[in-house]
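Subject: Structure for you to look at

Hello,

Here is the structure I promised you. Please open it and keep it on screen while you read my notes.

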Amino acid sequence: MFELKKASLFDNALPNITQKRTMALEAVHTAAGKRKEYVILKRMKHDFDYALALAGIVSGGTIELLPHQSQEACASNCSTHFALQKGCADKVEDLLKSHKYIFPTDAKGKVLGDQPFCDDATIDTIRLSFFDGEDSFGSQCRDDFVSVLEENIEPELPVAMVCLIATMIYTILKDWSSGNPPSNAQVKSFNASSHVGVYKAHQATLNRIFEGSMKKYHALMARLYKAVSAIENSASTASSSAGDYLDLDAMAEE
């Protein structure tokens, strides 16, 4: 199950049925290899029905990508960082427009279009969800955070992880759309698969950056990793895209 969770957070947090089966097959194969279960590996190679059965056991279970405490923390982060309170429907509508909520703002409220996904709510929620302590998911998978650049090996956050958290923030804000805070039941019932369009919109934003400049993409994702990773913290005290706010030209390459 851990290998499938890792595949989900590093590759695709919202796979379709076919993708999930493929991911489950690869996860079982990887887990068997790490545990030196050579009999299982050999049978998987020659008996596809057996391999599918094992994958079905894994993919049929519930993979908890985000524990309830992460969802509660996200709701609290959104309330604090976006200063949400009763009667804030207009503010929420503005934040949701073109996914403005993924961008930080300066002291005058100007959107910093060269810093997508660098808002405090996103960074704090990723840190609490995946990098909170030595036993956290991020710590267990430290060697899996790699760079897209050969000449710069600074670790990066994966797209799937960033998009999943950004999608959760979207759902929290949607729950605030009436101007009233979401109930505990609403917060705990987060289901990213209900907002595939939002998830894909965030993917499209990151893909646009990657296609525009791999160096800028790396600088962004490496910056995010540094901001959320336990190492750095201990060492230092269907939906529109974000294109209206994204300022690719102004983004740093290092």
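The model is predicted. Let us begin with a pocket. The second largest one has a volume of about 300 Å³. It is lined by 17 residues, and those closest to its centre are Lys6, Ala7, Phe10, Asp11 and Asp144. Two helices to find here are α1 (2–10) and α2 (17–34), each of which supplies at least two residues of the lining. What is the lining made of? Nine of its residues are nonpolar, two are polar and six are charged.

Next, the core. The largest nonpolar core holds 57 residues. Inside it, Tyr101, Leu157 and Leu206 have the most contacts. Several helices each give at least two residues to this core: α1, α5 (68–81), α6 (89–96), α7 (120–130), α9 (159–175), α11 (196–212) and α12 (214–228). Which helix gives the most? That is α9, with 13 residues.

Now click on Tyr101. Leave out its neighbours within four places in sequence, and Tyr101 is in contact with Phe82, Leu95, Leu96, Asp119, Ala166, Ile169, Tyr170, Leu173, Val198 and His202.

Two of those partners, Leu95 and Leu96, bring us to α6, where they are buried along with Val92. Why do the buried residues of α6 line one face of the helix? Look down the axis of α6: its buried residues fall within an arc of 95°, so they share one face. Here is the background. An α-helix has 3.6 residues a turn, so residues three or four places apart point the same way. Turn to the other side of α6 and you will find Asp90 and Glu93, which are exposed. The cover over the buried residues of α6 includes α9.

Follow the chain onward. Just after α6, Ser98 takes a positive phi of about 55°. Why look twice at that? Most residues other than glycine have a negative phi. Ser98 sits in the loop between α6 and α7. Is Ser98 buried or exposed? Its relative accessibility is 7%, so Ser98 counts as buried; the cut-off for buried is under 20%.

The loop between α6 and α7 also holds Phe117. Phe117 is not a glycine, yet its phi is positive, at about 65°. Its relative accessibility is 0%, so Phe117 counts as buried too.

Then comes α7. This helix is mostly covered, with eight of its eleven residues buried. Those buried residues are Ala121, Thr122, Ile123, Asp124, Thr125, Ile126, Ser129 and Phe130.

One last stop is Asn180, in the loop between α9 and α10 (184–188). Asn180 is partly exposed, with a relative accessible area of 32%. Which residues does Asn180 touch, not counting those up to four places away in sequence? They are Lys86 and Asp175. Asn180 and Lys86 are 94 residues apart in sequence, but from C-alpha to C-alpha they are 5.0 Å apart in space.

I suggest you trace these spots in order: the pocket, the core, the helices, then the loops.

Best wishes

Notes: Residues numbered from 1 in each chain as written. Predicted model: local features only at pLDDT ≥ 70, side-chain atom pairs only at ≥ 80, totals over all residues. Heavy atoms only, no water. 1 Å grid on protein atoms, 1.4 Å probe; cavity = no way out; pocket = protein on both sides within 12 Å on 5 of 7 lines; lining within 4 Å. Points joined across faces, edges and corners; volume = space filled by probe spheres on them. Helix = DSSP H or I, 4+ residues; strand = E, 2+ residues; numbered from the N terminus. Nonpolar A, V, L, I, M, F, W, Y, C, P; charged D, E, K, R; others polar. Core = buried A, V, L, I, M, F, W, Y, C linked by side-chain atoms within 4.5 Å. Buried < 20%, exposed > 50% of the residue type's maximum accessible area, 1.4 Å probe, protein only. Contact = heavy atoms within 4.5 Å. Arc of directions from axis to C-beta.
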